[in-house]
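I opened the notebook to look up backbone outliers, side-chain contacts and strand pairing, in that order. The entries below follow the lookups as I made them.

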Amino acid sequence: MAGAFEIDYQSDRGFVTAGEDLSTAGKQYLAVALNSDLEVLASALSAKDPIFGILQNAPLEGVSASVRVDGVSFCIAGAGDIAVGDALVTDGDGKLVTASTGPAHVVGICVAAAAADNIGSVDLSFKKYIPA
C-alpha cells in the first residue's frame, strides 16, 4: 500500500499569523480556521466549521503559519481510520475524520489512507458543504 504524500505547488499556500501556540507536538498537518483577526487557529473546530487549510509548520503564537489551501496535503486522521475516497471533515481537534451526515463542511477527499492519529493525505480541491 502506498504511503501518505503531498504535492507542493508555489501558489497553494497562505502565510498567516498564528493566533495560538501551534508549536506543540502533533499540531502540524491539522486543519485550521481563521479567527476574526485573520489569525490561524486549530482549536475548537467541528465538522460544521469551514476551514482555511492544513497547517504545514508548527509556529508559536504571533509567528507566521504556513497553510496549504489547495492541492494535496498531509493530514492527521482523527478517531477511526480514513480510507481512500472518503469525504473528510474536521473533528474538534483539527484532525480529519470521515464525513457521515450534515451539516458539515467537507475539507477534501482522502487520497492516502491512515489509521487513527497517523498521517494520511487529503486532496483539498474537493471542498463542499453538506446540508442537514
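Before placing any residue in a loop, I fixed the terms: strands here are DSSP runs of E with at least two residues, numbered from the N terminus. I also noted that this is a predicted model.

**Entry 1, backbone outliers.** I began with phi, because most residues other than glycine have a negative value. I found that L38 departs from this, with a positive phi near 60 degrees, and I placed L38 in the loop between strand 2 and strand 3, the latter covering 40–41. Looking at its surroundings, I saw that strand 2 and strand 3 form a hairpin with 5 residues between them, and that L38 sits in the turn. I then asked whether L38 is buried or exposed. With a relative accessible area of 58%, L38 is exposed, since the cut-off for that word is over 50%.

The other residue I recorded is Y29, which is not a glycine and yet has a positive phi of about 75 degrees. Y29 lies in the loop between strand 1 (13–17) and strand 2 (31–34). Its relative accessibility is 16%, so I entered Y29 as buried, the limit being under 20%.

**Entry 2, the aromatic contact.** Which ring does Y29 pair with? I counted 1 aromatic pair, and in that pair Y29 meets F74 edge-to-face, at 5.1 Å centre to centre with 70 degrees between the planes. The two partners come from distant parts of the chain, 45 residues apart, with Y29 in the loop between strand 1 and strand 2 and F74 in strand 6 (residues 72–76). I then checked how covered strand 6 is, and noted that 4 of its 5 residues are buried.

**Entry 3, the sheet that holds strand 6.** Following F74 across to the neighbouring strand, I found that it stands opposite S121 in strand 11, and that strand 6 and strand 11 pair in the antiparallel sense over 5 bridges. Tracing the pairing further, I wrote down an open sheet of 5 strands in the order 6-11-10-7-8, with antiparallel pairing. The edge strands are strand 6 and strand 8, each of which pairs on one side only. Neighbouring strands of this sheet are turned by 50 degrees against each other on average, direction ignored. Within the sheet I also looked at strand 7 and strand 10, which run antiparallel and are joined by 2 bridges, and I noted L88 opposite G108 in strand 10.

**Entry 4, the pairings of strand 2.** Returning to the strand that follows the loop of Y29, I recorded that strand 2 is joined by 2 bridges to strand 4 (residues 53–55), the two running antiparallel, with V32 opposite G53. Strand 2 is also joined to strand 3 by 2 bridges, again antiparallel, and here L34 stands opposite V40.

**Entry 5, the charged contact.** How many salt bridges are there? The count comes to 1, formed by the side chains of D117 and K95 with an N to O distance of 2.5 Å. This pair, too, links distant parts of the chain, 22 residues apart: D117 is in the loop between strand 10 (108–112) and strand 11 (119–123), whereas K95 is in the loop between strand 7 (87–90) and strand 8 (96–98). I closed by checking K95 for accessibility, and at 21% it counts as partly exposed, because the buried class is kept for values under 20%.

Methods
Residues are numbered from 1 along each chain as its sequence is written. This is a predicted model: local features need pLDDT of at least 70, side-chain atom pairs count only at pLDDT 80 or more; totals for chains, interfaces and linings use all residues. Side-chain values use heavy atoms; hydrogens and water are left out. Buried means under 20% relative accessible area, exposed over 50%, partly exposed in between (1.4 Å probe, protein chains only). A salt bridge is a side-chain nitrogen of Lys or Arg within 4 Å of a carboxyl oxygen of Asp or Glu. Rings of Phe, Tyr and Trp (its six-membered ring) pair if their centres lie within 6.5 Å; planes under 30 degrees apart count as stacked, over 60 as edge-to-face and the rest as tilted. Two strands pair if DSSP finds at least two bridges between them. Axes are lines fitted to C-alpha atoms, for helices over the stretch in contact, and angles run from 0 to 180 degrees between N-to-C directions.
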